[in-house]
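Work through these exercises with the model open. Try each task before reading its solution.

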Protein chains: 2
Amino acid sequence: METISKFEVRECDLAGRIGRFTVRGKTIETPNLMPVVNPNIVGGENAVTPVELRETFGHDIIITNSYIIRRGDRLRERALDEGLHKMLDYDGMIMTDSGTFQSYMYGSGKGKEVDVTPLEIVAFQRDIGSDIGTILDRFTVPSSTWEDAKQDLDITLDRGSRSLEVMGDMELAIPVQGGAHMDLRELSGRSVREMGAAYSPIGGVVPLMESYRYSDLVDVIVAGKTGLGPSIPTHLFGAGHPMVLPLAAALGCDLFDSASYAKFAQDGRYMTRDRTRHLRDMDSFPCSCPVCSRYDPSDLKEMPERERAGLLSRHNLWSLRGIMNEIRISLKEGTIWEMVERSASYHPAMYSAVRRLEQHKGYLEESAPRSTRRFMCSDLTLSRCRPEFQRFTDGVGSYYQTPDHGRTMILTDWGRVHSTKVEEVLKRASSSGDWVVIRTPLGPAPYDIEDMYPVSQSVFPQPGSLPDEVMEDIVSSMEPIRQGSNGEMVHWTGVDDPPGIEGAANEASFLALKVANIVRMQFGIIGGKGADEVLFGSWDTTRELASRLIIKRSRRTGKIRNVMVPGPDGKEIHLLSLRAEDGMFTLKIEGARRLHGAGSGWRVVVEDETGEYNAQGYNVFCKFVRSADENIRPGDEVLVVGENGDLFAVGKATVSSRLMLEAKAGVGVKVREGVKDKKAPQPFSP
Amino acid sequence: METISKFEVRECDLAGRIGRFTVRGKTIETPNLMPVVNPNIVGGENAVTPVELRETFGHDIIITNSYIIRRGDRLRERALDEGLHKMLDYDGMIMTDSGTFQSYMYGSGKGKEVDVTPLEIVAFQRDIGSDIGTILDRFTVPSSTWEDAKQDLDITLDRGSRSLEVMGDMELAIPVQGGAHMDLRELSGRSVREMGAAYSPIGGVVPLMESYRYSDLVDVIVAGKTGLGPSIPTHLFGAGHPMVLPLAAALGCDLFDSASYAKFAQDGRYMTRDRTRHLRDMDSFPCSCPVCSRYDPSDLKEMPERERAGLLSRHNLWSLRGIMNEIRISLKEGTIWEMVERSASYHPAMYSAVRRLEQHKGYLEESAPRSTRRFMCSDLTLSRCRPEFQRFTDGVGSYYQTPDHGRTMILTDWGRVHSTKVEEVLKRASSSGDWVVIRTPLGPAPYDIEDMYPVSQSVFPQPGSLPDEVMEDIVSSMEPIRQGSNGEMVHWTGVDDPPGIEGAANEASFLALKVANIVRMQFGIIGGKGADEVLFGSWDTTRELASRLIIKRSRRTGKIRNVMVPGPDGKEIHLLSLRAEDGMFTLKIEGARRLHGAGSGWRVVVEDETGEYNAQGYNVFCKFVRSADENIRPGDEVLVVGENGDLFAVGKATVSSRLMLEAKAGVGVKVREGVKDKKAPQPFSP
């Protein structure tokens, strides 16, 4: 079946993502913001035209209101006659809204509706050639009781399923409602997904934003998205204030609309990413857009009102363009958290909203990539919601099951290990069987996995400048390690040699231990054994382990590159390669075979028929994925297997397992090596 | 004596200020940033020219290097021949550096110097027509021992005083050095001031910034500025990274130089206010300056290197212009703290630096205005360094000396009192003699002074989203009040009526109490009496007080406007007016007379001769101020008195008492009414 629209997730960061959304042959990149075009004002003096929105500001999607068009005789006739695109002189993607917001703004409360039937307005949108129409849903205000909200929701869902019948070849937006009742928001999202909707706005949120209830907005988005799942492009209706955009994008909102650029301009207000200011309070511009680099505030103050509003609208559009670009850059480089943390400083209500993420750590973790670039934590009371923290604690839990360790030594402060002398001492201690632990805000970090994400990729404030509660948590996070150690605990400041560390470091033992520990941190416990034992066989001492591994290092940096084991007739069997950027392993096909044989959990099950292609090295498309282990996250090494359990290939997951299962388009696994790849080695069992 | 330069502080915010700096007839607004112009590159292909810096980017001050000019035969001859301004084709203000930084960069450490004598380079700068020359100071690195740093400092100070002899009509910059030794930094600043320098850069800080030691930079700035005092325009040498600028400006740095715009551009780096990115990592621009709105990253990537660097330089300059404009806007509107708090999220090292302000609260308080507009506290672990917090605690201390109070009632959460019903209940309780206290992050806030700055002007996150340590401090701040109360403590959530509050509110008593309490909070205790008793006479009950006051309220808002007392022959004597924006009083001349008569501490003592002008309503210039009470801060109501103790006028302080005493230019007090003002009433004693 040819679908009307297609949504592919290309890159992920937290619950946010870079996507490509295609409707009727037109494609836009998400997250994206559609300026609201008032059909009554198009062509008015000094008003921004749709063609200017596209050509000057680069907007390839706009939104306008079908209810307003339909209400005016002249506009209605023109739209039906010429079609919406010609009427607006705009050849990009056009979404239309339905009149729901008008029923909220101008209606006299519950029961009062606009003068058009739900199916009439959908048919009208279809007939004027809208690319994405919207159903006439019921706008449920946050103060609604559960019962009222449920009744509204039932009506919305009923209208949604009936509207799907008349949508024609237009894509149809079915909003999530439910007021401030999170169970209803989730139910609403789930029902919309199960109904087969391919686009969903989160509605009824403007009253929350108008009263700065951003924390509640966070709950509403998370509940709605939990119901909708990650595969449906999600629009946050009416989120025009720039300060909320990074957080909403990080939670997985893909589209935004903004009338604020024009509304603020009419009020003489000037937008920046963190706030708005009234023009009368400004004597210079903190921006250098084409408006601000040409005019001074005094110039604008002297202009006729319309001309001023026209220029302010354009500045506001440049400002929004900058914010949306920065959001996309941040999602691509894996720094959307940093942008969110920054937005916490924009307003106390935004701070509260970012703090609210504490309650949604699981939601964020579900779709966040396993590793990113270097990341920065400034306010640790906020940054501790990053998935890295919980994941590291869980991962280190399995680390401390290592058999071959004796006494614990603790380095007090993070950021102190990067001197040659300190490294030498630590290496000695570690290779002689001690636990060498660095105290970090992530938790106690074993020295030998310090190169592995996230320890050396994270940047924290100085220890002395942390809030007390963070410092107390860091101190108490050491306690389980202390109790689990076999001997004394040495606090070492990194200045003098610690006591009891004698002899030279055994480089080979140290490297072997490092490989084993990274493997176990990364792939976990498989069938009761550490993944290291699965790959290399059981071992009792690091010396024994070291004798079994062939570790190739970079000549230039000395860092581990490839891990092999001896094979038959003197050949080396390549199992793993280490990625420099995050210190984690990629699997070679023989490594994958060994994990698979032991019953590894990193499986993506595909239809046998398409699996044959993967076996030849082609990527896995989400629509062919039959099942996937729940713990798979973007960036994970995964085994591509058939329904009968055969291993087809090894590769890297592009998206989380849930998205892989629910998405109808896009790549789920980038295959690195297939079992029938010409370059892949043939199976061998040790 | 005609001075070469003049520095006037116009507006203050924290320790930062808006100033006007005039050198040889050219005036610039501060804070300001001077781009570094490399004399070897001026006129080079794609290089930004000085005239472009002025005309396109609005830079009315630049800095170039006299040592480099002097080293090259051709440049030296041209500079001596044509003069610096003609050579650079720039008619704004030009500062020159001396070669000190070159001795640090290229010298082989201590003792190694450039090949010019200290007096030669000063004379050369004078001869080529530099507006501000710089002495050849000793660049002291942060790792210097105290002894070495002291020796360097002695040399610098000796060169400084000798250079003052040869500076001619050029202004001379004498830097603060002292390495990482704060006693030496302070000594250095004090010595520079006592030597009579009119311009001082804080030097030797580039190594701190290069290694992200921003916390140490904060200490160095505060120590240097403490020595220099507030009257000398202060330049932070080499602070080109944009993220450090708001914090440095908030600490009182007035001038910055930046070579970074060009250096980053040469490395392909793109500056934004919070960081730099390499062009290769960008596929869109988060800015809309004339460069970024015309080109895409892909365009720049394809260009020849010089052309690309030229465009990146220009983008970086637009970016710096935006940041400097925003700093000035923030200082003017009183929101520089918010900008500093935002910069804490730019990098963990910046977070540490902002946290370091905890140790410099006294320094910030010394020059911060008494009130500002609505202010926002997002991260309270940081915002608690704002002067509002300590001042409020101190002020409330005197509040609780009110005689006429009984039982304590506590409202749990801030932000709950703004409903009509809640206000009515609180007013009833308050006017019947209870202590009604709102628990806020500022401390326990008495309900009747809730309109007075800073209680209702502050915006905080929701109670539930505060870090534990902040919430614990808020809870424990209530304890002294509880202990001081005469009866039971009632925790009231604002829902049902609290027990024991009966009868209607006595509006007159409530208003009178409010006036008395604001007066005592604002003007404190004078000669053992509350300022309210000084103004209105002693009182035992609010009823008694109310019978004595004539309180005029706004018809529209119902808020207090003017406070009068009955005078002879039925006339009313106007003592106070209430400012709507901060809920504090301005003094009328008769109010001032009463406070003065009781020995009030808000005195600015001026020369008798000039005091006669103030008595006629003219402003007080700093240079005529003989002494000023130490507690005077910008915005305070002050009594202008003569050396013999006569009251001349009442007005509003523009700057703190220290600046009033040390400044050689600018207005110290804006006089509102002088005793010989035609419109002022004649003296009357009650």
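**Exercise 1: Cis prolines and a positive phi**

B:Pro454 is found in the loop between β17 (443–446) and β18 (458–459) of chain B. Strands here are DSSP runs (E, at least two residues) and helices are DSSP runs (H or I, at least four), numbered from the N terminus. This is a predicted model: local features need pLDDT of at least 70, side-chain atom pairs count only at pLDDT 80 or more, and totals for chains, interfaces and linings use all residues. Residues are numbered from 1 along each chain as its sequence is written, chains are lettered from A and ligands numbered from 1 in the order in which they are written, and side-chain values use heavy atoms, with hydrogens and water left out.

Task: Find the form of the peptide bond from B:Tyr453 to B:Pro454. Then inspect A:Pro31 and A:Arg24.

Solution.
- Step 1. The bond from B:Tyr453 to B:Pro454 is cis, and its omega is near 5 degrees.
- Step 2. In chain A, the bond from A:Thr30 to A:Pro31 is cis, with omega near -5 degrees. A:Pro31 sits in the loop between β3 (26–30) and β4 (32–37) of chain A.
- Step 3. A:Arg24 lies in the loop between β2 (16–23) and β3 of chain A. Its phi is positive, about 45 degrees, although A:Arg24 is not a glycine.

**Exercise 2: Three helix pairs**

Task: Classify the packing of α14(B) with α15(B), of α7(A) with α8(A) and of α20(B) with α23(B). Axes are lines fitted to C-alpha atoms, for helices over the stretch in contact, and angles run from 0 to 180 degrees between N-to-C directions. Angles under 35 degrees count as roughly parallel, over 145 as roughly antiparallel, 65 to 115 as roughly perpendicular and the rest as oblique.

Solution.
- Step 1. Helix α14 (residues 305–333) and helix α15 (residues 336–343) of chain B pack at about 135 degrees, with axes 7 Å apart. α14(B) and α15(B) are therefore oblique to each other. In contact (heavy atoms within 4.5 Å) are B:Ile323, B:Glu326, B:Ile327, B:Ser330 and B:Leu331 of α14(B) with B:Ile336, B:Met339 and B:Arg342 of α15(B). By class, that gives five nonpolar, one polar and two charged residues. Ala, Val, Leu, Ile, Met, Phe, Trp, Tyr, Cys and Pro count as nonpolar, Asp, Glu, Lys and Arg as charged, and the others, Gly among them, as polar.
- Step 2. Helix α7 (residues 146–166) of chain A packs with α8(A) at about 10 degrees, axes 11 Å apart. That makes α7(A) roughly parallel to α8(A). The contact residues include A:Trp146 and A:Leu153 of α7(A) and A:Leu184 and A:Leu187 of α8(A). The split is seven nonpolar, two polar and two charged.
- Step 3. Helices α20 (residues 420–431) and α23 (residues 507–523) of chain B cross at roughly 75 degrees, and their axes come within 9 Å. α20(B) and α23(B) are therefore roughly perpendicular. Here B:Lys427, B:Ser430 and B:Ser431 of α20(B) meet B:Glu507, B:Ser509, B:Phe510 and B:Leu513 of α23(B). This contact has two nonpolar, three polar and two charged residues.

**Exercise 3: The interface and salt bridges**

Task: How many salt bridges are there between chain A and chain B? Describe the interface too.

Solution.
- Step 1. 53 residues of chain A touch 53 residues of chain B. The chains bury about 4,400 Å², 46% of it on carbon and sulfur atoms. Buried area is the accessible area (1.4 Å probe) that two parts lose on being put together, summed over both.
- Step 2. Side chains of opposite charge can pair when their charged atoms come close. A salt bridge puts a side-chain nitrogen of Lys or Arg within 4 Å of a carboxyl oxygen of Asp or Glu. Between chain A and chain B the count is ten. One pairs B:Asp274 with A:Arg342, the closest N and O atoms being 3.0 Å apart.
- Step 3. On the side of chain A that touches chain B, α14(A) gives the most, with nine residues. That side divides into 20 nonpolar, 15 polar and 18 charged residues.
- Step 4. Over all chains, the search finds 110 salt bridges. Among them, A:Glu662 pairs with A:Arg193, closest N and O atoms 3.9 Å apart. This pair joins helix α28 (residues 657–662) to helix α8 (residues 182–194) of chain A, 469 residues apart.
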